[in-house]
Amino acid sequence: MLLIHCPYCEEERPEMEFRHAGEAHLERPKNIAEISDEAFAAYFFYRDNPKGVVFERWRHLHGCARFFNAARDTVSDKFLTTYKAGQPKPDLVGAANMNIPAKSGKSGK
Amino acid sequence: MRRYSGFALVREAMRGHKGWGQQWSSPEPKKEYDVIIVGAGGHGLATAYYLAKEHGITNIAVLEKGWLGGGNTGRNTTIIRSNYLYDESAGLYDHAVKLWENLSQDLNYNVMYSPRGVMMLAHNVHDVQVFKRHIHANRLNGVDNEWLTPEAAKEYCPPLNISQSARYPVMGAALQRRGGTARHDAVAWGYARAASDRGVHVIQNCEVTGVRRGGNGQVTGVETSRGFIGAKKVGVVAAGHTSVIMEMADVRMPLESFPLQALVSEPVKPCFPCVVMSNTVHAYISQSDKGELVIGAGTDQYTSYSQTGGLHIIQHTLDAICEMFPMFTRMKMLRSWGGIVDVTPDRSPIIAKTPVSGLYVNCGWGTGGFKATPGSGHVFAHTIANDNPHRINTAYTIERFNSGRLIDEAAAAAVAH
Ligand SMILES: Cc1cc2nc3c(=O)[nH]c(=O)nc-3n(C[C@H](O)[C@H](O)[C@H](O)COP(=O)(O)OP(=O)(O)OC[C@H]3O[C@@H](n4cnc5c(N)ncnc54)[C@H](O)[C@@H]3O)c2cc1C
Ligand SMILES: [Zn+2]
């Protein structure tokens, strides 16, 4: 069970009070009826799923009931930070001991 | 390969068991292979086996970052069944059940396939309607599945509590008699031994860290913890780690990885005759041949690669087990563990070519792919060998998420399966 800091209640509460709500910072296209099938699928079905830092939404359902965002390391399950909905992705470069998803393995084309 | 038989057992017993030898060889990686399979779980090893057996391709390496069968193959609760709703699913999962029936003979390895029956409990009107719909759909597809009253369910599984005072009383059940279990480790070992015998290199402790591509974008090999290894074709069969490996080839996947837990009890005398699943109260149970109760729980709500899940998840499952089978309330649990399962939006797998030439992927089996191991390897081998899907897996593309032609077992079952 995770301990989660709600940025609205400003308190650490047990996971049981929260609902996970998927990847954060996905924006629903405003012209959703006009975009291509590929663009719709990219928004609706495709996900980052990183082994490392994930940006995700949570809802403090059995508390203030508000949605907020979190950055969490999916290897250790440690939260790096939580922040209010609408705030930009925090810049986490330099945070200690993090599993940033490795891009280094790529080579060739 | 030395064949296993009753005669061999007697002979070795007389010689002090000194002549068995290694089950598979552990060669050094070559510079290049015709096909590289990433991931030595059941699905990857089965793919290599059928490539060698049915398509005559034997210059193959199966690369595994840990030990073979150490992923979900060695962590699952081994439930086998094929009573899925849609035609595409019935085709795929029943193909696997048919292969299970003769797998021990085919591999010359006892995988302990035990068709003891899988019973799925209905606890509310919605369950009853959904299961009956499944039964009718299954029958049209030639897949056995029958409806049982609560009394008939109890007759089939005497420990079951069908009292009306249960928190969620049993309103009936769907029974697939050809369903059952198999021994997970033996499946990995049996495929590894039979593949190795046909010349396949099974290379453990070899992590794939990159996918190399040539001038026109096609795959030319993989970077690994043991250096670059060339390949004309690469098949990714890495379960929870699929997104990570596909990202090395710049392919984004419609997948999310979640922890899924299971646990076993202390071993006891045979007392539980079949497999019982309840999606509604979230409990999956059978008894292994060692005597342990094997119990499956649900996924955690968040994505993770940690291979551990929350305590409240297994507690919730044990609550349900105690309610359904009061005779287990004082049973001690021995071990619990987690695996990382890769889940697609429609809860059906992807077994397909990818936008990258020479790169193939078999993933998205989520919480329920063990049952499909032989069928999955069989059709994936066909897909790699012919650069074209088998009739059975034509619908299991990545592009179905663009066209909307889903195989929506998620809506059909609404739960882990
Ligand atoms: C607790 C639990 C219970 C389950 N219960 C059932 C059940 O009752 N019935 C059922 O049908 N299914 C069940 N499943 C699902 C089932 O286990 C899986 O769908 C199936 O085993 C997947 O097999 P696989 O060979 O694709 O994956 P795995 O066995 O996970 O094999 C993938 C392999 O890839 C390797 N790998 C990953 N990354 C790399 C890399 N970079 N380089 C090299 N190798 C790599 C991994 O180490 C792993 O060994 C359950 C799963 C879990 C976790
Ligand atoms: Zn709150």
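Buried area is the accessible area (1.4 Å probe) that two parts lose on being put together, summed over both. The structure is a predicted model, in which local features need pLDDT of at least 70 and side-chain atom pairs pLDDT 80 or more, while totals for chains, interfaces and linings use all residues. Residues are numbered from 1 along each chain, chains are lettered from A and ligands numbered from 1 as written, and side-chain values use heavy atoms without hydrogens and water.

**Exercise 1.** State what area is buried between chain A and chain B, and describe the contacts there.

*Solution.*
1. The buried area is about 2,800 Å², and carbon and sulfur atoms give 46% of that area.
2. In contact (heavy atoms within 4.5 Å) are 32 residues of chain A and 35 residues of chain B.
3. Two salt bridges, each a side-chain nitrogen of Lys or Arg within 4 Å of a carboxyl oxygen of Asp or Glu, are found across the interface.
4. A:Glu23 forms a salt bridge with B:Arg252, with the closest N and O atoms 3.7 Å apart.

**Exercise 2.** Identify the protein donors of the zinc ion (ligand 2) and explain why their arrangement is tetrahedral.

*Solution.*
1. Donors are N, O and S atoms within 2.8 Å of the metal (3.2 Å for Na, K and Ca).
2. A:Cys6 (SG), A:Cys9 (SG), A:His60 (ND1) and A:Cys64 (SG) lie 2.0 to 2.3 Å from the zinc ion.
3. Four donors count as tetrahedral if all angles lie between 85 and 135 degrees.
4. The arrangement is tetrahedral because the four donor atoms subtend angles of 107 to 116°.
5. Along the chain, the donors follow the spacing C-x2-C-x50-H-x3-C.

Definitions and conventions:
Tetrahedral: all angles 85-135°; square planar, octahedral: opposite > 155°, others 65-115°.
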